[in-house]
2 protein chains.
Amino acid sequence: MSGNCNLRVNLSGFWMPPAMLAKAKSTRVDNAYERLKAEILNGELPPGFQAPEPDIAARLGMSRTPVREALIRLEAEGLVDLIPRRGAKVLAISQKDICEIFEILAELEGLAVKKAAGREVPCFLMQELEKLLSEADAALLQDDIEHWAELDDRFHRLIAQTCGNTRLEAEVISLLNQVHRANRVLLRLNRAPASRADDHRKIFEAIRAGRDDIGSEVARSHRLAGLETMKRLLQSSGLSQV
Amino acid sequence: MSGNCNLRVNLSGFWMPPAMLAKAKSTRVDNAYERLKAEILNGELPPGFQAPEPDIAARLGMSRTPVREALIRLEAEGLVDLIPRRGAKVLAISQKDICEIFEILAELEGLAVKKAAGREVPCFLMQELEKLLSEADAALLQDDIEHWAELDDRFHRLIAQTCGNTRLEAEVISLLNQVHRANRVLLRLNRAPASRADDHRKIFEAIRAGRDDIGSEVARSHRLAGLETMKRLLQSSGLSQV
DNA sequence: TCCATAAAATCTTATCGATATTATTATCAA
DNA sequence: TTGATAATAATATCGATAAGATTTTATGGA
C-alpha cells in the first residue's frame with residue numbers, strides 16, 4: 001500500500017476533525033470542488049480567469065462531468081459564473097458587490113454574536129478564539145500584516161461557528177468567501193490593519209460575558225467600519241474590480 | 001452584459017404553471033429545475049418524498065444528467081437533500097429549522113426594509129405592494145385564509161425586491177422558499193392569520209415615508225412574532241416536522 | 001478595393017447511453 | 001446469531017454525439 005489513494009489533502013486550509021478527513025469519501029466531484037474553491041480563494045485562479053470546461057477538466061485530470069457538477073456548486077456559492085458557451089469565469093468583486101455583501105454581513109455577524117453570547121459556546125471554540133486574538137496581537141507587533149489578515153479572517157469565520165445556527169454559520173462563511181480575495185488584495189495595498197484590533201477583543205469578551213447587546217452592536221459596527229475602509233482603499237487604489 | 005442570464009427572477013410572484021416555465025426555458029436543466037422547484041413549493045412533491053435519479057429523470061422525460069444538475073442546484077438552495085446511493089429527498093422542516101430560518105429572516109427583512117426606505121423604490125413596486133395590502137384586507141373580510149396566506153407570502157417576497165441589494169433579495173427569497181410549505185401547512189391547521197395584518201401596512205408606510213428606523217424594527221418584530229406563532233402551531237399540532 | 005451579407009467551419013456546451021464503482025441487501029454456512 | 005460472501009441497486013464517471021452559437025471565409029455589388 002505505498003500509494004495510498006485515499007489520503008485526503010485538506011485543500012481548504014481550515015482545520016477539520018481527523019474523523020471527517022478519514023471518513024470523507026473522495027469522489028471526483030468533491031475533489032474538483034475543493035481544489036477549484038481553494039485555488040479561487042488563494043488567488044491561483046484570479047478574478048476574471050475564464051476557461052472552457054474541457055480545459056479545466058484536463059487540468060484536473062478528469063472528465064467534464066464531475067467538473068461541471070463542481071462548477072454548478074461553486075456558482076451557487078457566488079464564486080464563479082457559468083457563461084453559456086463561454087466557459088466558467090471566476091467572479092470579480094466590484095465596489096457594489098462589496099457594499100452589498102458587507103451590509104448583509106453586518107447584520108448576520110451581529111446576529112451570530114448575539115446568539116453566541118446567549119448560549120454556552122463549546123470551550124475549545126472559546127480557547128481557539130482567544131488564541132487567534134493573541135496571535136493577531138503578536139503579528140501586529142511584528143508588522144506582519146499578511147499574517148494578521150489571515151488571523152483576522154479566521155476570527156470572523158470562527159465567530160460564525162460559535163452561534164449555534166447552522167444556516168447562519170454557512171451563510172456568513174459563504175459571504176466571507178466571496179470577499180476573501182478582495183480583502184486580501186486591498187489589505188496588501190494598504191499595508192495596515194483594516195479595522196480596530198480591539199473590536200475583536202470586545203466581541204470575544206461580550207460573548208464570554210453573555211452580553212449579547214454589546215457584542216452584536218460591536219460586530220455590526222465593526223463590519224460597517226470595514227466597509228468604509230474597503231471603499232476608501234478601492235478609491236485610492238483606483239481599482240474598479242478586485 | 002455579464003452572463004447572469006441563468007439567474008432568473010420570476011417577477012410575477014413565485015409560482016407559475018410548469019407548462020409555462022417549460023416553454024420559457026430552453027435547456028433541460030432549467031426545465032427540470034423549474035418543474036421540480038415548483039412541485040416542491042406547491043407540495044406535489046411533499047417533504048420526505050424520496051426517489052432515485054433514474055425515476056425522476058423518467059418522470060421528467062429526460063436523461064439523468066440534466067436532472068442531476070438541477071438537483072444539485074436545488075440542494076444548494078436547501079430544498080432537497082442528495083443522499084449518496086439513496087436518491088434525492090425533499091427536505092422536511094423541523095422546529096429547529098424554522099427557528100434558524102426565522103431568526104435570520106428577522107434580520108435580513110429588517111435590513112431590506114431599511115434599505116428600501118432609504119432609497120427611491122420604483123413606482124410600480126410600490127403600487128404592487130399597495131394592491132397586495134388591499135387584496136389581503138379583502139381576503140380577511142371574506143375569511144379566505146388560503147388566499148390571505150398567498151398574499152402574505154407575496155408581500156414578503158415583494159418587500160425583498162424593493163431593497164435594491166440583489167444578494168439580500170436572493171437570500172431572503174431563498175429562505176422564504178425553504179419555509180414556504182411549512183407556512184402553508186401550519187396556517188391551514190390554524191385557520192387564522194399568523195400575524196397582525198397592520199404590520200404589513202406599517203412597513204409599507206414606513207418605506208413610503210422613508211422612515212428606515214421604524215420600518216426595519218416593525219419588519220424584524222413582525223418576523224419574530226411569526227416565529228412564536230409557528231412554534232405554537234407546531235406544539236399544538238403535535239407535528240415534529242412539516 | 002471595400003463593405004455587407006451569406007455560407008461554412010469551428011468551437012463549446014448540452015445531453016445521452018454505457019460502464020465502472022461501490023454501498024446496501026440478501027444469502028448461507030458455522 | 002454471526003460473519004463472510006454474493007447479488008443487487010444506484011451512483012459516479014466516462015466518451016460520444018447533437019445542437020447551437022460564434023467566428024471565419026467566401027461572395028457579390030458599389
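Trainee: How many nonpolar residues does the surface near DNA strand D have?
Mentor: Keep in mind that this is a predicted model. The surface near DNA strand D is drawn from 14 residues, the closest including A:Thr27, A:Arg28 and B:Glu53. By class, 4 of the residues on this surface are polar and 4 are charged, and the nonpolar ones number 6.

Trainee: Which helix of chain B supplies at least two residues of the surface near DNA strand D?
Mentor: Both protein chains appear among the closest residues, with A:Ser63 from one and B:Pro52 from the other. From chain A, α2 (28-41) and α4 (64-76) each give at least two residues. From chain B, the helix that does so is α3 (53-60).

Trainee: And which helices of chain B supply at least two residues each near DNA strand C?
Mentor: Around DNA strand C there are 15 residues, and A:Pro52, A:Glu53, A:Gly87, B:Arg28 and B:Ser63 come nearest. Chain A contributes at least two residues through α3 (53-60). The helices of chain B that do so are α2 and α4.

Trainee: How many charged residues does the surface near DNA strand C have?
Mentor: B:Arg28 and A:Glu53 are among the residues that come nearest to this strand. The surface holds 6 nonpolar and 4 polar residues, while its charged residues number 5.

Trainee: Staying with chain B, are α2(B) and α4(B) oblique or perpendicular to each other?
Mentor: Helix α2 (residues 28-41) and helix α4 (residues 64-76) of chain B have axes 8 Å apart and pack at an angle of about 50°. Roughly perpendicular would call for 65 to 115 degrees, and roughly parallel for under 35. The two helices, α2(B) and α4(B), are therefore oblique.

Trainee: How many charged residues are there in the contact of α2(B) with α4(B)?
Mentor: On the α2(B) side the contact includes B:Arg28, B:Ala32 and B:Lys37, and on the α4(B) side B:Glu69, B:Ala70 and B:Arg73. Of the residues in this contact, 8 are nonpolar and none is polar, while the number of charged ones is 4.

Trainee: Which strands stand at the edges of the chain B sheet?
Mentor: The sheet is open, has 3 strands with antiparallel pairing, and follows the order β1-β3-β2. An edge strand has a single partner, so one side of it is left without a neighbour in the sheet. In chain B that describes β1 (50-51) and β2 (80-83).

Trainee: Which residue takes a positive phi in the hairpin of β2(B) and β3(B)?
Mentor: β2(B) and strand β3 (residues 87-90) of chain B run antiparallel, joined by 4 bridges. Within this pair, B:Asp81 stands opposite B:Lys89. The hairpin has 3 residues between the strands, and the residue with a positive phi, near 65°, is B:Arg85.

Trainee: Turning to chain A, which residue stands opposite A:Lys89 in β3(A)?
Mentor: The chain A sheet is an open one of 3 strands with antiparallel pairing, in the order β1-β3-β2. In it, β1(A) and strand β3 (residues 87-90) pair over 2 bridges. The residue opposite A:Lys89 is A:Gln50.

Trainee: At about what angle does α4(A) run to β2(A)?
Mentor: β2 (80-83) of chain A is one of the edge strands, pairing on one side only. Helix α4(A) lies across β2 and β3 of chain A. Its angle to β2(A) is about 120°.

Trainee: Are α3(A) and α4(A) parallel or perpendicular to each other?
Mentor: Their axes come within 9 Å and cross at roughly 105°. The contact takes in A:Ile56, A:Ala57 and A:Leu60 of α3(A), among others, together with A:Arg64, A:Val67 and A:Arg68 of α4(A). Given the range of 65 to 115 degrees, α3(A) and α4(A) are therefore roughly perpendicular.

Trainee: Finally, which helix gives the most to the side of chain B that touches chain A?
Mentor: The contact takes 19 residues from chain B and 20 from chain A. On the chain B side, α4, α5 (95-117) and α8 (166-190) each supply at least two residues. With 7 residues, the helix that gives the most is α5(B).

Technical notes:
Residues numbered from 1 in each chain as written. Chains lettered and ligands numbered in written order. Predicted model: local features only at pLDDT ≥ 70, side-chain atom pairs only at ≥ 80, totals over all residues. Axes fitted to C-alpha atoms, helices over the stretch in contact; angles between N-to-C directions. Parallel < 35°, antiparallel > 145°, perpendicular 65-115°, else oblique. Contact = placed C-beta atoms within 7 Å. Nonpolar A, V, L, I, M, F, W, Y, C, P; charged D, E, K, R; others polar. Pairing = 2+ DSSP bridges. Near = placed C-beta within 6 Å.
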